[in-house]
Amino acid sequence: MAWSSSNRRAGLPSNWDTIRRRTLTRDGHQCTATMRDGERCPTTTGLEVDHIGDRADHTDTNLQTLCAWHHKRKTAGESAAARRRRPRERRARPAEAHPGLR
């Protein structure tokens, strides 16, 4: 598997490949996300092992198999929620008026 240039793998334990294989096997090498109709996502390719909660917790109960689409969607939702919780930054100085409006 080719890894991107990010450092996300640096936070994983040295036995991550073993943990990953165990999680994929447990989940039947199929995405565990639920579709709108309540059925399990049928995707069996491009699978990723996702941390349900704490990224530092690599226990089986905190890991799930997701297809790339569901993983990206979950990550985007978590990112949006984190941005909403963050206080808005105040500008250090007031914005200058446009020169044509002075």
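**Exercise 1. The nonpolar core**

Find which residues form the largest nonpolar core in this predicted model, and which elements give two or more residues to this core.

*Solution.* Start with the members: the core has 12 residues, namely L12, W16, I19, L24, C31, A33, C41, L47, V49, L63, L66 and C67. Next, assign them to elements: α1 (16-26), β1 and β2 each give two or more residues to this core. As background, nonpolar side chains in soluble globular proteins tend to be buried together. Finally, take V49 as a sample member and list what surrounds it. Setting aside residues up to four places away in sequence, V49 touches W16, R20, T23, L24, L63 and Q64.

**Exercise 2. The fold and its strands**

Work out how the elements follow one another along the sequence, and how β1 and β2 are joined.

*Solution.* Begin by counting: there are two helices and two strands. Their order along the sequence is α-β-β-α. Now look at the strands. β1 covers residues 47-51 and runs antiparallel to β2, with five bridges joining the two. For one of these pairings, pick L47 in β1; its bridge partner in β2 is C67.

**Exercise 3. The faces of β2**

Decide whether the faces of β2 are covered or open, and explain what this says about the strand.

*Solution.* Recall first that side chains in a regular strand alternate between the two faces of the sheet. Then sort the residues by side: L63, T65 and C67 lie on one, while Q64 and L66 lie on the other. Each of these is buried, which leaves both faces covered. Because five of the five residues of β2 are buried, the strand is largely enclosed by the rest of the structure. For the wider setting, 25% of the protein's 102 residues count as buried.

**Exercise 4. The surroundings of T65**

Is T65 buried or exposed, and which side chain does the side chain of T65 meet in a polar contact?

*Solution.* Locate the residue: T65 sits in strand β2, residues 63-67. Check its accessibility next. The cut-off for buried is under 20% relative accessible area, and T65 has 0% relative accessibility, so it counts as buried. Then turn to polar partners: the T65 side chain makes a polar contact with the side chain of D27, at 2.8 Å. Last, widen the view to the contacts, leaving out neighbours within four places in sequence: T65 is in contact with T23, L24, D27, Q30, C31, T32, L47 and E48.

Note on methods:
Residues are numbered from 1 along each chain as its sequence is written. This is a predicted model: local features need pLDDT of at least 70, side-chain atom pairs count only at pLDDT 80 or more; totals for chains, interfaces and linings use all residues. Side-chain values use heavy atoms; hydrogens and water are left out. Helices (H or I, at least four residues) and strands (E, at least two) are DSSP runs, numbered from the N terminus. Buried means under 20% relative accessible area, exposed over 50%, partly exposed in between (1.4 Å probe, protein chains only). A polar contact is a pair of N or O atoms within 3.5 Å; within protein, one must be able to donate a hydrogen and the other to accept it, and residues adjacent in sequence count only if both atoms are side-chain atoms. Contact means heavy atoms within 4.5 Å. Two strands pair if DSSP finds at least two bridges between them. A nonpolar core is a set of buried Ala, Val, Leu, Ile, Met, Phe, Trp, Tyr and Cys residues joined through side-chain atoms within 4.5 Å.
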